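Okay, thanks for coming, everyone. Have a look at the screen, and I'll talk you through what we can see.

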Amino acid sequence: MAVVEVSITPLGTATPGVSAFIAGCLRLVKASGLHYQLNSMGTVIEGDLDSVLRVIRQMHEAPFKAGALRVSTLIKIDDRRDHPEHTMAEKIRAVEEKL
């Protein structure tokens with residue numbers, strides 16, 4: 001399972017606020033059925049890497065469809081195949097148990 005963090009930034013918009021664009025991206029993640037967590041700087045998605053990348057591609061296109069002239073997308077992938085419990089929750093638990 002992959003844990004992927006994505007940050008999508010619409011540029012060339014009429015206002016400096018981009019929350020409406022981000023909400024449009026999150027609707028796509030929600031509709032995908034993948035487990036995700038929104039944070040203040042991006043969104044973390046977990047699942048099969050092909051499925052995650054497919055929804056990220058849709059997310060990248062969404063701001064263009066909503067009127068953005070430019071979109072910057074940052075992706076960080078943690079794809080661990082030797083550990084079946086490789087999830088957001090497990091990654092946090094592993095660190096917290098060492099505190």
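I'll go from the strands to the core, and then out to the surface. One thing before that: this is a predicted model, so keep that in mind as we go.

Let's begin with strand β3, which covers residues 42-47. What does it pair with? On one hand there's strand β2, residues 35-39, running antiparallel to β3 over 5 bridges. The link from β2 to β3 is a hairpin, through 2 residues. If you want to find specific partners, L38 sits opposite T43, and Q37 has V44 as its bridge partner.

Then there's β1, which also pairs with β3 in the antiparallel sense, again over 5 bridges. Here, E5 is the one to look for: its bridge partner in β3 is V44. So V44 is a handy spot to park your cursor, with Q37 as a bridge partner and E5 as a bridge partner too.

Now, is β3 mostly covered or mostly open? Covered: 6 of its 6 residues are buried. In a regular strand, side chains alternate between the two faces of the sheet. You can follow that here, with G42, V44 and E46 pointing one way and T43, I45 and G47 pointing the other. Both sets are buried, and yes, that includes E46.

Okay, on to the core. How many residues does the largest nonpolar core have? The count is 17, and the ones with the most contacts inside it are V4, V6, I8, I45, V52, I56 and M59. Which elements give two or more residues to it? Those are β1, at 2-11, α1, at 19-32, and α2, at 49-65. The largest share comes from α2, with 6 residues.

If you'd like one residue to click on, try V6. Leaving out residues up to four places away in sequence, V6 touches G42, T43, I45, I56, M59, T73, L74 and I75.

That last name, I75, takes us out to the surface. I75 is in strand β4, residues 70-79, and together with L53 and I77 it forms a nonpolar surface patch with about 230 Å² of accessible area. Why does I75 count as partly exposed? Because its relative accessibility is 43%, and partly exposed means between 20% and 50%.

Last topic, charges. As a bit of background, side chains of opposite charge can pair when their charged atoms come close. The model has 7 salt bridges, and I'll show you a few.

R81 and D79 form one, with the closest N and O atoms 2.7 Å apart. How covered are those two? R81 is at 70% relative accessibility, so it counts as exposed, while D79 is at 29%, so that one counts as partly exposed.

Another salt bridge joins D82 and R80, at 2.6 Å from N to O. D82 is exposed, with a relative accessible area of 59%, and R80 is partly exposed at 35%.

Then there's R93 with E97, where the closest N and O atoms are 2.3 Å apart. R93 is partly exposed, at 38% relative accessibility. What network does this belong to? Salt bridges with shared partners tie E90, R93, E97 and K98 into one network.

That's the tour. Grab the mouse and have a look around yourselves.

Methods:
Residues numbered from 1 in each chain as written. Predicted model: local features only at pLDDT ≥ 70, side-chain atom pairs only at ≥ 80, totals over all residues. Heavy atoms only, no water. Core = buried A, V, L, I, M, F, W, Y, C linked by side-chain atoms within 4.5 Å. Buried < 20%, exposed > 50% of the residue type's maximum accessible area, 1.4 Å probe, protein only. Helix = DSSP H or I, 4+ residues; strand = E, 2+ residues; numbered from the N terminus. Contact = heavy atoms within 4.5 Å. Salt bridge = Lys/Arg side-chain N within 4 Å of Asp/Glu carboxyl O. Patch = residues over 30% accessible without salt bridge, like charges linked within 9 Å, V, L, I, M, F, W, Y side chains within 5 Å. Areas by Shrake-Rupley, 256 points an atom, 1.4 Å probe, with all protein chains shown as cover. Pairing = 2+ DSSP bridges.
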